[in-house]
Amino acid sequence: MSKKIVVITGSPRKNGNSFAMTQAFIEALEKKGHEVTRFNAAMKNVGGCHACETCFKTGKACSYDDDFNMIAPDILEADTVVFSMPVYWYSIPAQIKAVVDKMFSFCVAGKDIAGKECAIIACCEEEDMSVLDGVRIPIERSAALLKWKMVGEVLIPGVLNIGDINKTDGCKKAIELADKI
């Protein structure tokens with residue numbers, strides 16, 4: 001069965017390591033016949049949540065009209081939402097964190113988005129896997145709050161420079177993640 005999948009990326013570095021894993025993942029999904037929408041948060045203008053709680057009152061997810069309003073309808077319609085990012089300073093990069101924070105709009109507006117699948121693709125410079133907790137835990141907690149099912153995580157340590165991902169099994173694991181969806 002074909003699914004609608006939204007992939008939200010958080011890397012500003014084109015052709016970087018998380019970008020490479022994301023591309024391998026998307027290509028594998030498309031080969032399976034899934035419909036994929038990619039939203040490169042780092043290349044968009046998404047501001048932080050203003051906590052105004054006027055979500056969806058203007059007909060758009062966010063009353064502060066920015067690029068989040070481009071992806072919100074796709075998230076609502078998606079069967080699966082996947083977050084892909086590098087770890088910057090032990091946490092979620094600001095570019096994608098703004099998107100995650102604005103998903104609060106679905107809760108405020110009472111949108112029933114339970115039952116979706118969710119996954120994470122992430123990498124970091126250090127070899128210590130606990131460095132990835134700064135990405136993994138907030139996304140897992142967000143999925144739990146939204147009543148989404150975590151279907152997989154590709155967490156790759158030890159990559160910094162463009163191309164370092166090719167020295168790991170990161171792209172292979174990203175392709176394997178596509179099989180779980």
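This passage looks at the sheet of the predicted model and at the helices that pack on it.

Residues are numbered from 1 along each chain as its sequence is written. Because this is a predicted model, local features need pLDDT of at least 70 and side-chain atom pairs count only at pLDDT 80 or more, while totals for chains, interfaces and linings use all residues; side-chain values use heavy atoms, with hydrogens and water left out.

The sheet is open and parallel, with 5 strands in the order 2-1-3-4-5 (strands are DSSP E runs of at least two residues and helices are H or I runs of at least four, numbered from the N terminus; two strands pair if DSSP finds at least two bridges between them). Strand 2 (35-40) and strand 5 (149-156) sit at the edges with a single partner strand each, so one side of each has no neighbour in the sheet. From one strand to the next, the twist averages 15° (axes are lines fitted to C-alpha atoms, for helices over the stretch in contact, with angles from 0 to 180 degrees between N-to-C directions). Strand 1 (residues 4-9) pairs with strand 3 (residues 80-86) over 5 bridges, and V7 has V82 as its bridge partner in strand 3.

Helix 1 (residues 17-31) packs on this sheet, touching strands 1, 2, 3, 4 (117-123) and 5, and its direction makes about 165° with that of strand 2 (contact means heavy atoms within 4.5 Å). Its buried residues (under 20% relative accessible area, 1.4 Å probe, protein chains only) include F19, M21, F25 and L29. The buried residues of helix 1 also pack against helix 6. Helix 6 (residues 170-179) itself lies across strand 4 and strand 5, at about 170° to strand 5. Just after helix 1 comes G33, with a positive phi near 90°.

How values were computed:
Buried < 20%, exposed > 50% of the residue type's maximum accessible area, 1.4 Å probe, protein only.
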